[in-house]
Each structure stands twice: as structure tokens, then as C-alpha cells.
Amino acid sequence: MRLSNLVSLMKERNFDGALISPGTNLYYLTGLHIHEAGERLTVLVVSADGDYRLLAPSLYENVVRNFPVTFWRDGENPYDKLAWILAEFHLSGGRLLIEDTMRADWLMKVIHLGSFEFHPLSSLMRELRMRKDKHEIEMMGHAAKAADRVFDEILSWDLLGMRERELALKIELAIRELSDGISFEPIVASGENAANPHHAPGDRRLRKGDLVILDYGAKWKGYCSDITRTIALGRPDERLVEIYEVVKEAQERAYRAVREGVLAREVDGAARETIAKAGYGEYFTHRTGHGLGLDVHEEPYIGPDGNVALENGMTFTIEPGIYVPGLGGVRIEDDVVVHDGRGKRLTRAERELIRL
Ligand SMILES: CSCC[C@H](N)C(=O)N1CCC[C@H]1C(=O)O
């Protein structure tokens with residue numbers, strides 16, 4: 001069904017074929033779990049006539065079943081086999097969609113298999129994947145619940161004196177116990193490190209007076225959650241408490257701005273305006289959110305340039321933040337789905353400032 005939707009869209013937009021290497025698009029279209037093909041050429045060939053065939057290393061002989069496939073063995077030249085499939089599908093030239101993340105060494109060889117005009121596959125896949133169906137939203141709900149439960153667990157741990165990297169590892173283990181795995185490496189940013197939105201957890205020990213940003217996510221059947229909470233240890237600086245309230249208000253206003261038909265940039269604007277009015281505009285250094293699904297970052301992006309009109313079934317994060325160099329930072333993030341014309345939170349962990 002999903003493959004035939006792609007084929008219909010390809011025909012509508014005058015594309016002749018598509019070459020899809022392993023990743024979330026391949027999984028979305030086929031349900032096949034081929035995550036890490038490494039250096040071995042693996043590619044799904046789709047023609048606008050509706051033909052499709054996977055070319056895969058023989059390592060996958062016991063994995064790929066009931067799907068048209070050509071296997072190649074180590075020692076063979078997989079590009080010869082790819083050329084045969086392209087010839088069989090009458091794809092010697094024309095407009096070809098290419099997986100955006102295809103390895104450059106593969107692409108450099110594919111270029112010589114015909115006289116193609118290449119286009120990014122994402123230009124079509126974004127339209128197919130942006131609106132989630134009921135099943136996908138259910139999976140995302142499970143992933144979000146796992147993230148909420150991990151937050152409750154974190155609150156029961158003795159955090160004082162723990163290193164950021166130890167806490168990140170504990171969070172990862174807790175996620176793995178409750179789900180299919182992590183959707184990205186957890187961020188634990190304490191004290192002044194919290195001024196870096198993508199801080200890599202290090203050796204700093206958590207101490208009294210810290211605000212600590214915890215940003216992590218779980219996966220369920222391929223679908224991601226992504227949550228951020230900022231907690232206080234002891235009595236933080238009053239400026240940080242004020243910043244916390246501003247971010248909480250910005251997150252709530254952006255959430256309330258979510259409506260069917262509203263542009264993504266209007267949701268971003270609601271958060272940005274709240275933060276700017278409080279005098280912290282220059283310290284909100286990133287977009288308000290991003291689409292969430294099989295990828296942790298996907299369309300629709302909720303930023304100042306977000307021109308996607310929101311529709312029921314779209315899922316994304318709302319995660320404004322304020323980051324003051326030398327002082328610290330705050331970020332609060334929830335996963336949201338547009339449901340019955342308005343926003344509905346999938347993550348529901350406590351948003352009031354928790355002081356441990
Ligand atoms: C995939 S790592 C970052 C996860 C995080 N929740 C996130 O998406 N962001 C943190 C700062 C802004 C935002 C981003 O757009 O990267």
C-alpha cells in the first residue's frame with residue numbers, strides 16, 4: 001500500500017524511478033528491518049511502472065522473505081546486478097529519486113549506470129510520512145509513555161554527586177528496559193553546561209544549586225519519542241527560576257497555538273514572542289520544535305521559516321529553551337499530535353519545576 005502510494009506520487013510528478021538505500025524510508029515502505037547494511041550495497045529499486053526489487057547482500061537471505069529480492073555474495077560486483085535490475089525495469093535514464101542519505105561511494109558508482117537526473121527522495125517521502133495514521137500514532141503514544149515513565153524513575157534516583165555521563169547511562173538503561181531502545185543518545189546538561197542545547201554528557205558531577213536539562217527518547221516499533229525536562233537540585237539561582245517560568249509559559253503558548261490549518265511558523269512565533277517579551281529573545285537559539293516519527297528529526301519543522309500548514313495526524317515536538325552562557329539553561333519539551341483540529345500532548349510528565 002505504502003509502495004503503491006509512492007508509485008502514484010512518482011507518476012504524478014513525472015519521476016521514472018527511485019533508488020532507496022537502508023534507513024527509515026526503506027522501513028516505512030517495506031517493513032523490512034535492514035538497518036545497518038554498512039559498506040555492502042543494499043538498495044530498493046522502484047519504477048514508475050510499479051515494479052520494485054530489493055538488491056541486498058546474501059547476509060539477509062534469512063531476513064528478507066516474501067519480497068522481490070536479488071541477493072549478491074561477497075566477492076561479486078553488486079553494481080553489475082543493480083545494472084541488470086535497472087535494465088529489466090527500463091531505467092537507463094530519466095528522472096531518478098535518490099535516498100538523501102545514500103553513501104557517496106555508492107552514489108558515485110550509480111551515476112555511471114545511466115544518464116539520470118537525480119532528485120532527493122525526501123521531496124516525495126515528506127508528503128507520505130508527515131501525516132501519521134492511527135497505528136503510527138498509537139506506536140508514538142507507547143514511545144511517549146515510556147519516556148514519561150523514565151522521568152518518574154529518574155526522580156527516585158539519588159542524583160547529587162552523580163556524573164552527567166553516569167546519569168545518561170542510567171537513563172539509557174531505563175529506556176531500554178521499557179522500550180525497543182533509545183531514539184538518540186540522552187542529553188544530560190548540568191549547571192553552566194545547560195547553556196549548550198546539545199551538550200554531550202561529561203564528567204561534571206551534579207551539585208546543589210544546579211538546574212539539569214534531561215533530554216532523551218524511547219523507540220517503539222521504530223517510532224520515536226523525544227522529551228526534555230529541566231529539574232532543580234537544591235536552590236538554584238533566582239534568575240534561573242525566572243527563566244524556567246518563561247520557558248514553561250512559552251511552551252504552553254506554543255502548544256495552545258497548535259490548530260489544524262495554522263502554519264508551523266505561527267506555533268514557533270507563539271513561543272518566540274513569549275521569550276522575547278520577557279527579555280530573553282537572544283538566548284533562544286534554536287527552532288521551537290521538529291517533526292517526530294520514524295526519525296527523531298523530520299518534517300514538519302516548527303521554526304521561523306516553517307511554512308507547512310498543520311494537519312490532523314502530524315506529530316512534532318514543542319521545545320523552547322533559554323540558554324545563558326556562564327549561567328545555565330532551561331528547556332521543556334513535549335511530543336504533540338494534531339488531533340481533532342487541535343494539539344494533544346503525547347508526553348505528559350510533570351512540567352512544574354521539580355526541586356530535589
Ligand atoms: C537528536 S538530538 C537532540 C534532541 C533534542 N530534543 C532536540 O531535538 N533539540 C534540542 C535543542 C533543539 C532541538 C533541535 O532542533 O536539535
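Analyst: Exposed here means a relative accessible area over 50%, and buried means under 20%. The structure discussed below is a predicted model.

User: Is Asp-340 buried or exposed?
Analyst: Asp-340 sits in the loop between strand E18 (334-339) and E19. Its phi is near 50°, a positive value in a residue other than glycine. The relative accessibility of Asp-340 is 66%, and the cut-off is over 50%, so the residue counts as exposed.

User: Which residue in the loop between helix H3 (78-88) and strand E5 (93-98) has a positive phi?
Analyst: The residue in question is not a glycine, yet its phi is about 55°. Its relative accessible area is 67%, and it is therefore exposed. The residue found in that loop is His-90.

User: Is Arg-345 buried or exposed?
Analyst: Arg-345 belongs to strand E19 (residues 342-345). Beyond its neighbours within four places in sequence, Arg-345 contacts Gln-251, Glu-252, Tyr-255, Asp-334, Asp-335, Val-336 and Arg-351. Its relative accessibility is 8%, against a cut-off of under 20%, so Arg-345 counts as buried.

User: How far apart are the C-alpha atoms of Arg-345 and Tyr-79?
Analyst: Along the chain, Arg-345 and Tyr-79 are 266 residues apart. In space, the separation of their C-alpha atoms is 47 Å.

User: What is the relative accessibility of Ser-47?
Analyst: Ser-47 lies in strand E2 (residues 43-47). Not counting residues up to four places away in sequence, Ser-47 touches Val-7, Met-10, Asp-16, Gly-17, Phe-89 and Leu-91. Ser-47 counts as buried because its relative accessibility is 1%.

User: Why are H1 and H5 described as oblique to each other, and at what angle do they pack?
Analyst: Two packed helices are described by the angle between their axes and the distance between the axes. Helix H1 (residues 2-12) and helix H5 (residues 122-129) have axes 10 Å apart. Their angle falls in none of the parallel, perpendicular or antiparallel ranges, the last of which begins over 145 degrees, and H1 and H5 are therefore oblique. The packing angle is about 130°.

User: How many nonpolar residues belong to the contact of H1 with H5?
Analyst: H1 passes H5 in a right-handed crossing. From H1 come Asn-5, Leu-6, Leu-9 and Met-10, which meet Leu-124, Met-125, Glu-127 and Leu-128 in H5. By class, one residue of this contact is polar and one is charged, while the number of nonpolar residues is six.

User: What is the relative orientation of H6 and H7?
Analyst: The axes of helix H6 (residues 134-155) and helix H7 (residues 164-178) come within 10 Å of each other. They cross at roughly 135°, and the crossing is right-handed. H6 and H7 are therefore oblique.

User: How many charged residues take part in the contact of H6 with H7?
Analyst: On the H6 side are Ala-146, Arg-149, Val-150, Glu-153 and Ile-154, and on the H7 side are Ile-171, Ala-174, Ile-175 and Leu-178. Seven of the residues in the contact are nonpolar and none is polar, which leaves charged residues numbering two.

User: How is H8 oriented relative to H9?
Analyst: Helix H8 (residues 238-257) and helix H9 (residues 264-277) pack at an angle of about 155°, with axes 8 Å apart. That angle is over 145 degrees, and therefore H8 and H9 are roughly antiparallel.

User: How many polar residues are in the contact of H8 with H9?
Analyst: H8 passes H9 in a right-handed crossing. The contact joins Val-246, Glu-249, Ala-250, Arg-253, Ala-254 and Ala-257 of H8 to Val-267, Ala-270, Ala-271, Thr-274 and Ile-275 of H9. Eight residues of the contact are nonpolar and two are charged, and the polar count is one.

User: Is the peptide bond from Glu-299 to Pro-300 cis or trans?
Analyst: Pro-300 is placed in strand E14 (residues 298-302). Omega for the bond from Glu-299 to Pro-300 is near 0°, and the bond is cis.

User: How far apart are the end C-alpha atoms of residues 138-339?
Analyst: An unreviewed UniProt entry places the feature "domain: Peptidase M24" at residues 138-339. In the model, this span is 33% helix and 24% strand. The distance between its end C-alpha atoms is 12 Å.

Methods. Residues numbered from 1 in each chain as written. Predicted model: local features only at pLDDT ≥ 70, side-chain atom pairs only at ≥ 80, totals over all residues. Heavy atoms only, no water. Axes fitted to C-alpha atoms, helices over the stretch in contact; angles between N-to-C directions. Helix = DSSP H or I, 4+ residues; strand = E, 2+ residues; numbered from the N terminus. Parallel < 35°, antiparallel > 145°, perpendicular 65-115°, else oblique. Left-handed = near helix turned anticlockwise from the far one by under 90°. Contact = heavy atoms within 4.5 Å. Nonpolar A, V, L, I, M, F, W, Y, C, P; charged D, E, K, R; others polar. UniProt positions renumbered as here; feature names shortened; annotations may be inferred. Buried < 20%, exposed > 50% of the residue type's maximum accessible area, 1.4 Å probe, protein only.
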